[in-house]
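Hi,

Here is the structure I promised to pass on. Have a look at it first, and then read my notes underneath.

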Amino acid sequence: MEIKQIDQMYVANTYKRFPVEIVSGKGSLVYDENGKRYIDMGSGIAVNSFGIADDVWMSAVTEQLGHVQHTSNLYYTAPCAKLAKTLCERTGMKKVFFANSGAEANECAIKVARKYAAEKRGADVYTILTLQNSFHGRTLTTLAATGQDHFHELFQPLTPGFIHTPANDLDALIAATEAQDNKIAAYMIELVQGEGGVNVLTEEFVHGLCAYAEAHDILVIVDEVQTGNGRTGALYAYMNYGIQPDVVTTAKGIGGGLPLGAALMSEKVEHVLRFGDHGSTYGGNPVCCAGAQTVIDRIDDALLAEVKEKSAYIFDTLRHANGVESVTGMGLMIGVKTEKPAGEVLAECMEHGVLCLTAKDKIRLLPALNIPMELLKEAIAVLCAACAK
Ligand SMILES: *Cc1c(COP(=O)(O)O)cnc(C)c1O
């Protein structure tokens with residue numbers, strides 16, 4: 001039997017896969033079962049930060065594999081401790097909880113917000129306000145946090161205590177908060193909505209939200225599962241806005257290809273979680289952390305300058321391309337609204353050896369942070385041609 005048939009028969013049919021089997025790759029190039037070459041403009045949904053089989057990442061991962069692959073959180077391991085130290089030093093945050101995915105990192109942030117509010121403001125303060133069109137994960141609680149009704153329909157009842165208001169509408173956010181007598185534990189936002197269509201929050205909205213939150217002891221959780229780890233041209237996207245969130249969550253790109261999530265806690269909430277309040281068997285796995293250390297360590301000013309330069313190239317080229325209606329995003333997280341249906345453009349790109357993603361009705365680009373300029377130019381030329389036809 002072919003792999004595609006075996007997969008369709010035995011793997012839960014929750015994914016609509018493209019008819020391509022990826023067998024290998026290096027950097028920003030991947031190869032399918034027939035040896036066809038593709039330029040990877042999706043990096044496994046912003047996960048392979050330095051591309052496929054990156055030498056530095058691989059050597060750290062394999063070295064750690066040779067020492068110990070897992071210990072549980074009953075013991076200390078150096079990769080976990082060192083990565084937490086690096087993340088705190090680079091962000092000014094005070095504590096890190098390690099999980100295995102974005103949804104789990106967000107679950108941790110939600111628990112922090114609920115416990116902080118319950119202890120400080122009373123048991124009736126637990127509601128978390130998130131934005132319409134947001135995406136925060138697939139567990140029942142992070143689904144409840146996700147402001148898209150179509151994800152909710154057949155999974156009722158979801159975890160209670162979540163409300164949603166439109167992105168970039170400060171009046172609506174404040175009105176909804178006041179309608180709850182300010183009994184809101186936290187605002188939880190993506191600064192650039194990824195799955196929701198690469199929508200960028202305005203500075204005005206974000207600063208207004210933070211100011212209102214500060215004045216009413218409402219925590220600000222920034223979900224940087226997709227925007228984090230260099231993706232937007234800063235180590236974390238909140239740094240582009242000059243704000244100081246109370247909790248930052250991340251996953252996807254931090255592990256460079258292995259599952260790792262993290263919730264970073266600021267001084268205000270660093271002591272909220274105590275012994276027994278939260279945990280994870282795999283969380284902070286030494287192999288994942290050893291790889292992640294090489295990812296974070298290489299996201300320096302020089303790399304971020306490169307990300308911005310490549311971003312400018314993509315924006316400048318696509319903005320004036322035939323068949324392109326608009327380009328949105330930040331850094332190497334880019335949404336392209338095309339005249340043709342995004343699905344058609346994507347299929348045409350694939351045919352011509354370029355792997356793209358979609359988000360709602362847009363083409364979404366999330367290439368590796370270190371994609372070579374020649375490959376990027378080649379991929380964008382293919383995309384332009386696909387949009388124009
Ligand atoms: C992908 C994503 C998640 C969920 O991450 P998983 O690792 O799939 O659980 C949560 N929030 C945002 C913003 C994401 O992009």
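Asn229 is a buried residue, because its relative accessibility is 2% and the cut-off for buried is under 20%. You'll find Asn229 in the loop between β10 (219-223) and α9 (238-241). The backbone does something to look at there too: phi of Asn229 is near 60 degrees, a positive value in a residue other than glycine. Before you go further, please keep in mind that this is a predicted model.

Asp181 makes a good partner for that one. Asp181 also isn't a glycine, and has a positive phi of about 55 degrees. Its place is the loop between α7 (170-179) and β7 (184-189). Is Asp181 buried or exposed? Asp181 counts as exposed, because its relative accessible area is 60% and exposed means over 50%.

While you're looking at loops, go to the one between α6 (140-145) and β6 (162-165), where Pro157 sits. The peptide bond joining Gln156 and Pro157 is cis, with omega at about -5 degrees.

Now the ligand. Which residues are around it? Going along the chain, they are Ser101, Gly102, Ala103, Asn106, Phe135, His136, Gly137, Glu190, Asp223, Val225, Gln226 and Lys252. By type, that shell divides into 3 nonpolar, 6 polar and 3 charged residues. Helix α5 (residues 102-121) supplies the largest share of the shell, with 3 residues.

A few polar contacts to the ligand are worth clicking on:

- Lys252 has a polar side-chain atom 2.7 Å from an oxygen atom of the ligand.
- Gln226 places an N or O atom of its side chain 2.8 Å from an oxygen atom of the ligand.
- Phe135 takes part through its backbone: a polar backbone atom lies 3.2 Å from a nitrogen atom of the ligand.

As for how covered the ligand is, it exposes 380 Å² when taken alone, and the protein buries 82% of that.

Next, the overall layout. The domain assignment gives domain 1 (3-53 + 301-388) and domain 2 (57-298), so domain 1 is written as two stretches of the chain while domain 2 is written as one. Their C-alpha centres lie 26 Å apart. How many residues does each domain bring to the contact? Domain 1 brings 29 residues and domain 2 brings 29 residues.

Ser43 is a handy residue to zoom in on after that. Ser43 lies in helix α2 (residues 43-46) and counts as buried, at 1% relative accessibility. Setting aside residues up to four places away in sequence, Ser43 touches Asn48, Arg231, Leu366, Pro367 and Ala368.

Then there is Glu270, in the loop between β12 (261-265) and α10 (286-298). Glu270 has 15% relative accessibility and counts as buried. Not counting residues up to four places away in sequence, Glu270 touches Lys94, Lys95 and Met265.

Lys337 belongs to strand β14 (residues 333-338). Why does Lys337 count as partly exposed? Lys337 has 21% relative accessibility, and partly exposed covers what lies between the 20% limit for buried and the 50% limit for exposed, so Lys337 goes in that class. Leaving out neighbours within four places in sequence, Lys337 is in contact with Gly323, Val324, Glu325, Ser326, Asp361 and Lys362. Take Ser326 from that list: Lys337 and Ser326 are 11 residues apart in sequence and 5.2 Å apart in space, C-alpha to C-alpha.

Last, two residue pairs to help you get your bearings across the model. Ala321 is in the loop between α11 (301-319) and β13 (324-330), and is buried at a relative accessible area of 15%. From Ala321 to Ser72 is 52 Å in space, C-alpha to C-alpha, with their positions 249 residues apart in sequence. The other pair starts from Met9 in helix α1 (residues 3-10), which is exposed, with a relative accessible area of 54%. Met9 and His278 are 269 residues apart in sequence, and their C-alpha atoms are 37 Å apart in space.

That's the tour. Shout if you get stuck.

Cheers

Key. Residues are numbered from 1 along each chain as its sequence is written. This is a predicted model: local features need pLDDT of at least 70, side-chain atom pairs count only at pLDDT 80 or more; totals for chains, interfaces and linings use all residues. Side-chain values use heavy atoms; hydrogens and water are left out. Helices (H or I, at least four residues) and strands (E, at least two) are DSSP runs, numbered from the N terminus. Buried means under 20% relative accessible area, exposed over 50%, partly exposed in between (1.4 Å probe, protein chains only). A residue is near a molecule or strand if one of its heavy atoms lies within 4 Å of it. A polar contact is a pair of N or O atoms within 3.5 Å; within protein, one must be able to donate a hydrogen and the other to accept it, and residues adjacent in sequence count only if both atoms are side-chain atoms. Accessible areas come from the Shrake-Rupley method with a 1.4 Å probe; for residues, only the protein chains shown count as cover. Ala, Val, Leu, Ile, Met, Phe, Trp, Tyr, Cys and Pro count as nonpolar, Asp, Glu, Lys and Arg as charged, and the others, Gly among them, as polar. Contact means heavy atoms within 4.5 Å.
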